[in-house]
Amino acid sequence: MTVRVRFAPSPTGFLHVGGARTALFNWLLARGSAGTFILRIEDTDRERSSDEMTSAILDGLAWLGLDVDEGPFFQAEGVARHVADAQALHERGAAYRCFCTPEELAARREEAKRTGTGYGYDGRCREIDASTSDSRAGAGEPFALRFRVPRGETSWEDLVHGPMSFPNDSIDDFIVLRSDETPVYNLAVVSDDHDARVTHVVRGDDHVSNTPKQIMIYEALDRPQPVFGHVPLILGTDGKRLSKRHGAMSVLAYEEMGFLPEGMVNFLALLGWSPGDDREVMTRDELVEAFAVDRILKKGAVFDLEKLEWLNGQHIAASPAESLAAHVRPALEEEGVVIEDEARLHAVVDLVKGRPRTLPALVGQVRPFVAREVDYEQAAVDRFWKRSDEAARVLRELGPALAGLPEPWTPDAVEPVVRGLAERLEMGAGRVINPLRVALMGQGVSPGIFDVVALMGRQLVERRIRTALGYLDAKSAVADVLGGDDTSPPEDA
RNA sequence: GCCCCCAUGGUGCAACGGCUAGCACAUCACUCUUUCAAGGUGGAGAUAGGGGUUCGAUUCCCCUUGGGGGCACCA
């Protein structure tokens, strides 16, 4: 039997993190077994559904790289089949007409709530005999079709939870067809899953209470049942189910924040699942290879943004320069930085990609190598250019010293020049290197400085130093006027 | 009110019923005397509680507690 799984979101919202992981688990299950991944949009609630949400869901899946084999199908298009199934249920006696109006039901529910007696349907239309039912229906009285929940117990072997069981008397007779002849969720799902020959229904834990109802419909219709698996929910830091208020909206928001789909997929896979060993940083192929439903955990997992960031950093560091450059280039061009030399861009990306955890951070590391000027980060200036006179002195000496280097500059050639200067000035290398880093990068973080100098090259380094000196001299002048520069000991570490 | 599910450090995951409960993120310290968002080393930190079963329970059973999900003519 080949595996056929489906992801069935309703287009009433974005593809959020929880839905994305459910989709991912289904996709992994399909890809790991040469199965089929089906997408079905559950749009029977026309009021709340929208085309925008449908395409947002499609975009989200596409970004994550979860390619769909069949679909998207739209549940609303199967209404005729759903209705036929509901009628079949009625004909078999598994469903009956309920003449209670929605208003009456709501009122009774309110009353029950107030008296604390639970809010189920009381089954008052259940015993209306067939002829009475027929004549009332014939007289034009509106009715809904309700499923007649049998006595006993409904159980199944859950893919992740193991044996699951519900006492049927805890389940009310539920509506399968509304009085306006439109099908209700639980019926439509069974109808569609059967129609699509779905073999494994893997969905969130919030669906467990729907499962016995759906199983009863399968049984009443004499249809083969799929295997069910309920994956735990993803929680916010407060332990509650993830929602907008945790800042976790669309997965596409994570794209905007600068996460790679590889990092996101890797992170999501590790929420409630593990390969069984200590591996954490995994490629898509490795995930497909290692994935197994029986290793899915039963407990909910808290979404930890910091771990996602770390994992994303690992994926950035492991990505080839070409693919990272494809993200970096447009971002820089948007701010007016033109890059002609693709090979050089790749060299820069390869040099800096080990540190940043997000794409914007990566761009921030690349920018100083390709932009005409850099902005000085205040924290870096405060820390390493604290004594502007000393920083200026160091940079003034460094210029000519570096100028003597033969082309092309290499890290090995740059190092002795910088260290030599520190020695000559009788100061620690850090007191030369750190001010230089700020001058070149504008920030306190960078790869090893000798690599930076070498890769930036003569022209750019000279310009950066010149600009820095202008800034520092102005700073010193201001300090003089205001009555003294900061004379506390400079950082030598 | 009723039904269902879950329970290993702050977080994500490991641990055929059997080493001193392991790894990662975060955190702290040290280190790399070149920064940190990178690397290295080390520290602190968990089996919710109580009963069983067993030679032996993180692991199996029961109870308690705690947490979560659900109970619509929504999906």
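**Strand pairing, crossovers and enclosed space in the predicted model**

Strand β1 (residues 4-7) pairs with β2 in the parallel sense, over four bridges. The structure described here is a predicted model. Within the β1-β2 pairing, F7 is placed opposite L39 of β2. The connection between these strands runs through helix α1 (residues 17-31), and β1, α1 and β2 together form a right-handed β-α-β unit. On the way from β2 to β3 the chain crosses through helix α2 (residues 51-64), and this β-α-β crossover is likewise right-handed. Strand β3 (residues 70-74) is joined to β2 by three bridges, and the two strands run parallel. In this pairing I41 stands opposite F74 of β3.

Strand β2 (residues 36-41) is mostly covered, with six of its six residues buried. In a regular strand, side chains alternate between the two faces of the sheet. In β2 both faces are covered: T36, I38 and R40 are buried on one side, and F37, L39 and I41 are buried on the other. Two of these residues, L39 and I41, also appear in the pairings above, L39 opposite F7 and I41 opposite F74 in β3.

A further parallel pairing involves strand β9 (residues 200-204) and β10, which are linked by five bridges. Here V202 faces G229 of β10. Helix α7 (residues 211-221) completes a right-handed β-α-β unit with β9 and β10. Strand β10 (residues 227-231) is mostly covered, four of its five residues being buried.

Antiparallel pairing is found in an open sheet of three strands, ordered β4-β5-β8. Strands β4 (95-98) and β8 (175-177) stand at the edges with a single partner strand each, so one side of each has no neighbour in the sheet. From one strand to the next, the twist averages 45°. Strand β5 (residues 144-147) is connected to β8 by two bridges, and the two strands run antiparallel. The bridge partner of L145 in β8 is L177.

The largest pocket holds about 1200 Å³ of space. Its lining comprises 44 residues, of which S10, H16, D206, H207 and R241 lie nearest the centre of the pocket. The elements that contribute two or more residues to this lining are β1, α1, α6 (185-195) and β9. Among the elements, α1 gives the most, with six residues. The pocket lining thus involves β1 and α1, which also belong to the β-α-β unit with β2, as well as β9, which belongs to the unit with α7 and β10. By class, the lining has 17 nonpolar, 17 polar and ten charged residues.

A search of the whole structure yields two cavities of 30 Å³ or more. The second largest cavity contains about 30 Å³ of space. The residues lining this cavity are G399, L402, A403, W409, R458, V461, E462 and I465. Two or more of the lining residues come from each of α16 (388-403) and α19 (449-482). The largest contribution is that of α19, with four residues. The lining of the second largest cavity divides into five nonpolar residues, one polar residue and two charged residues.

Note on methods:
Residues are numbered from 1 along each chain as its sequence is written. Chains are lettered from A and ligands numbered from 1 in the order in which they are written. This is a predicted model: local features need pLDDT of at least 70, side-chain atom pairs count only at pLDDT 80 or more; totals for chains, interfaces and linings use all residues. Side-chain values use heavy atoms; hydrogens and water are left out. Buried means under 20% relative accessible area, exposed over 50%, partly exposed in between (1.4 Å probe, protein chains only). Two strands pair if DSSP finds at least two bridges between them. A crossover is right-handed if, with the strands pointing away from the viewer, the path from the first strand over the helix to the second runs clockwise. On a 1 Å grid over the protein atoms alone, a cavity is a set of points where a 1.4 Å probe fits but cannot get out, and a pocket is an open set with protein on both sides within 12 Å along at least five of seven lines; lining residues have an atom within 4 Å of a point. Grid points are joined across faces, edges and corners, and a volume is the space filled by probe spheres set on the points. Ala, Val, Leu, Ile, Met, Phe, Trp, Tyr, Cys and Pro count as nonpolar, Asp, Glu, Lys and Arg as charged, and the others, Gly among them, as polar. Axes are lines fitted to C-alpha atoms, for helices over the stretch in contact, and angles run from 0 to 180 degrees between N-to-C directions.
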